[in-house]
Amino acid sequence: MSITLAELCIVACAEAFRTSREIIATGIGPIPRIGAGLAKLTHSPGLMMTDGEAFLVEQPVPLGATGDERPTPAGYLPFSRFFDSAVWSGRRHAMVTPTQIDRFGQTNLSALGGTHTRPKVQMLGARGFPGNGIYHPNSMFIPAHSPRVFVGGEVDRVSSPGYNPARRVPGGNYGGIDLRRIVTDLCVMDFGGPDHAIRVVSLHPGVIFAQVQDATGFELIDAVEGETPLPGEEQLALIERLDPRGFRARVLKDNPPAERGAS
Amino acid sequence: MPTIDKTMDAAAVVSRLRSGMTLGIGGWGPRRKPMALVREILRSDLTDLTLVSYGGPDVGMLCAAGKVKKLVFAFVSLDEIPLEPWFRKSREAGVIEVLELDEGMFQWGLKAAAFSVPFLPTRVGLGTDLLELGGLKTVTSPYDDGEVLVAIPALKLDAALIHVHRADRRGNVQALGPDTYYDEWFAKAAAECFVSCEELVDAMEASYPQDVRANLFERCFVTGVAKTPGGAHPTTMPPAYGWDMGWLKKYAAAAKDPGGWNAVAEWAVGASEADYLASVGGQEGVAALPLPVF
């Protein structure tokens, strides 16, 4: 069976979580979640994660696991102590999928268009994004790279802070803002340009930079060092273990192979 | 020996509330919500409410019924149905005021109210739209660092509504699930706190002394106790029962119907709690709902 683009993205997400620290890894959605588990089981054993509810587990919970498939808990991290233990102490790295992202790394999960009193489209609300953004590292996974997500100008509502100098209150401490990677179905990006500008650092097999630029509403920096690596055999086996029911096959449209043009 | 008895029924709880009040609702999204008390509000004439909630169907239903003047929220979600459709409808019609907060800011505001201070400082909100849209102010540290911080105003509640597994007549409560969310702080932020429970016992020390660590907050924070078995339905109440996702899907789909809320309320609220419970399979049916898998 050929390696899928979803599996390549999982490895790229795992790479985003790479750390020597003991922090909570939160991957929201199948691909970031499997990526966090893969990071913990390979290069980053210090990572801590929950069972999706309130308990810390030392073996990542396979997606959809029930009963005996679920690992026994090793620790406790309920919502009721999440801010003091994880978020506000900076001991967390979250990978999320916001609805909009702009060139400053500001994201929107709140609402689209209209006004604050009457939005055109009401979404989830800011959730924990403002706190995540000011206190701990964050990455993003975008399953369909497009100018509707990577918008020109600013996002409609700024739910999480980025590197926008126009949104700085003098005397405020913005030192905790630490945006790491954006993994999409086309490429991997980081914030390593001048003033944290967004750069493309690797292209998925068969993708060219111009294609990424065309799918982005703002100018990108070409810092491509090569192709995003394909998963190795050990990684593929772990991915299968973390997702035995194949939820990863349902994330990207038509579940394409990692190497475009291959079948 | 004189004793304390705080028991009352759900209707008595609602009779203690007034239109225009600020109500805090415990739980989190579609998890351990005091839905029997919410349904009782929906059967009442109460209106013009300000809700403070980590929102789930409680918020959606009260918005749909036109009971809400203002909502203080960080999200409104049914988990597997990420966006609460009735809440969206109210927002997109522009009929409710909102104060949108971050989840951490929200609990910080409850804690400020609990501690009787006007605000608590944080960095959260800096660099986002929440400050300007919410009219949130900053404060400068009086110490050498001079840091400028966001002042989260105290979220003072006229009343808090919370659902737990067990309570006794004096107001000793036990919540058994893996997570208690921020219910403790809703109780402490409120002038009065009303607790609904699955099981009411005479004296906790006689019935469940081995589980006292599940006592979420002390009984001095409890004004009234109402027995409402199945009272979290359709939300999840671990370990007793799970959410009723079939019910929630039907409720969510109904937001697309042209008929509006009144037709939905007939089955989603019911004429009485007994009618409602019977319509969802009775206590046995609720108890058989499987716990969600995360």
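**Exercise 1. Characterise the overall dimensions and packing of chain A, starting from its share of buried residues.**

Solution. In chain A, 49% of the 263 residues are buried, and the model in which this holds is a predicted one. The next step is the fold content, where the secondary structure of chain A comes to six helices and 14 strands. Turning to extent, the C-alpha trace of chain A spans about 50 × 50 × 35 Å along its principal axes. For a chain of 263 residues, a compact globule would have a radius of gyration near 18 Å, and the 18 Å of chain A agrees with this. Finally, among the contacts in chain A with a separation of 6 or more, 66% are accounted for by residues 24 or more positions apart.

**Exercise 2. Carry out the corresponding description for chain B, and state how confident the predictor is in it.**

Solution. Chain B contains 12 helices and 11 strands. Its radius of gyration is 19 Å, close to the 19 Å that the globule rule gives for 294 residues, so chain B is as compact as a globular protein of that length. The C-alpha trace of chain B spans about 60 × 60 × 40 Å along its principal axes, and 53% of the 294 residues count as buried. Of the contacts in chain B with a separation of 6 or more, 76% come from residues 24 or more positions apart. As for confidence, the mean pLDDT of chain B is 97, with 100% of its residues at 70 or more, while the complex receives an ipTM of 0.95 and a pTM of 0.97 from the predictor.

**Exercise 3. Determine the strand order of the seven-stranded sheet in chain A, and identify which strands stand at its edges.**

Solution. The sheet is open, with mixed pairing, and its seven strands follow the order β1-β5-β10-β11-β12-β13-β14 in chain A. The edges are occupied by β1 (24–27) and β14 (221–222) of chain A, each of which has a single partner strand, so one side of each is left without a neighbour in the sheet. The link to β14(A) can be followed through β13 (residues 199–203) of chain A, since two bridges join these strands, which run parallel. Within this pair, Arg199(A) stands opposite Ile221(A) of β14(A).

Helices that pack on the sheet come next. Helix α1 (residues 5–16) of chain A touches β1, β5 (92–96), β10 (137–142), β11 (178–184) and β12 (187–190) of chain A, and its direction makes about 175° with that of β11(A). Helix α2 (residues 30–41) of chain A also packs on the sheet, where it touches β1, β5 and β10 of chain A, its direction making about 150° with that of β1(A).

**Exercise 4. Decide how far helix α1(A) is enclosed by the rest of the structure, and compare its span with the expected value.**

Solution. From its first C-alpha to its last, α1(A), with 12 residues, reaches 17 Å, which is close to the 16 Å expected at 1.5 Å a residue. For burial, the criterion is 20 or more other C-beta atoms within 10 Å of a residue's own. By this criterion 12 of the 12 residues of α1(A) are buried, so the helix is largely enclosed by the rest of the structure; among them are Leu5(A), Glu7(A), Cys9(A), Val11(A) and Glu15(A).

**Exercise 5. Which residues of helix α4 in chain B are buried, and against which elements do they pack?**

Solution. Helix α4 (residues 85–92) of chain B has Trp86(B), Phe87(B), Arg88(B), Ser90(B) and Arg91(B) as buried residues. These buried residues pack against β9 (121–122) of chain A together with α3 (57–64) of chain B. After α4(B) comes Gly94(B), whose phi is positive, near 70°.

**Exercise 6. Locate the cis peptide bonds listed for Pro234(B) and Pro239(B), and the positive phi values of Arg127(A) and Tyr181(B).**

Solution. The bond from His233(B) to Pro234(B) is cis, with omega near 10°, and Pro234(B) lies in the loop between β11 (224–227) and α9 (245–254) of chain B. Another cis peptide bond joins Pro238(B) and Pro239(B), with omega about 0°; Pro239(B) is placed in the loop between β11 and α9 of chain B.

Turning to phi, Arg127(A) has a positive value near 45° although it is not a glycine. Arg127(A) sits in the loop between β9 and α4 (129–135) of chain A, and it is buried, with 23 other C-beta atoms within 10 Å. Tyr181(B), a residue other than glycine, has a positive phi near 55°. Tyr181(B) belongs to the loop between β9 (173–174) and α7 (183–189) of chain B, and it is buried, with 24 other C-beta atoms within 10 Å.

How values were computed
Residues numbered from 1 in each chain as written. Chains lettered and ligands numbered in written order. Predicted model: local features only at pLDDT ≥ 70, side-chain atom pairs only at ≥ 80, totals over all residues. Pairing = 2+ DSSP bridges. Helix = DSSP H or I, 4+ residues; strand = E, 2+ residues; numbered from the N terminus. Contact = placed C-beta atoms within 7 Å. Axes fitted to C-alpha atoms, helices over the stretch in contact; angles between N-to-C directions. pLDDT = per-residue confidence, 0-100. Expected span 1.5 Å × (residues − 1). Rg over C-alpha atoms; globule rule 2.2 N^0.38 Å.
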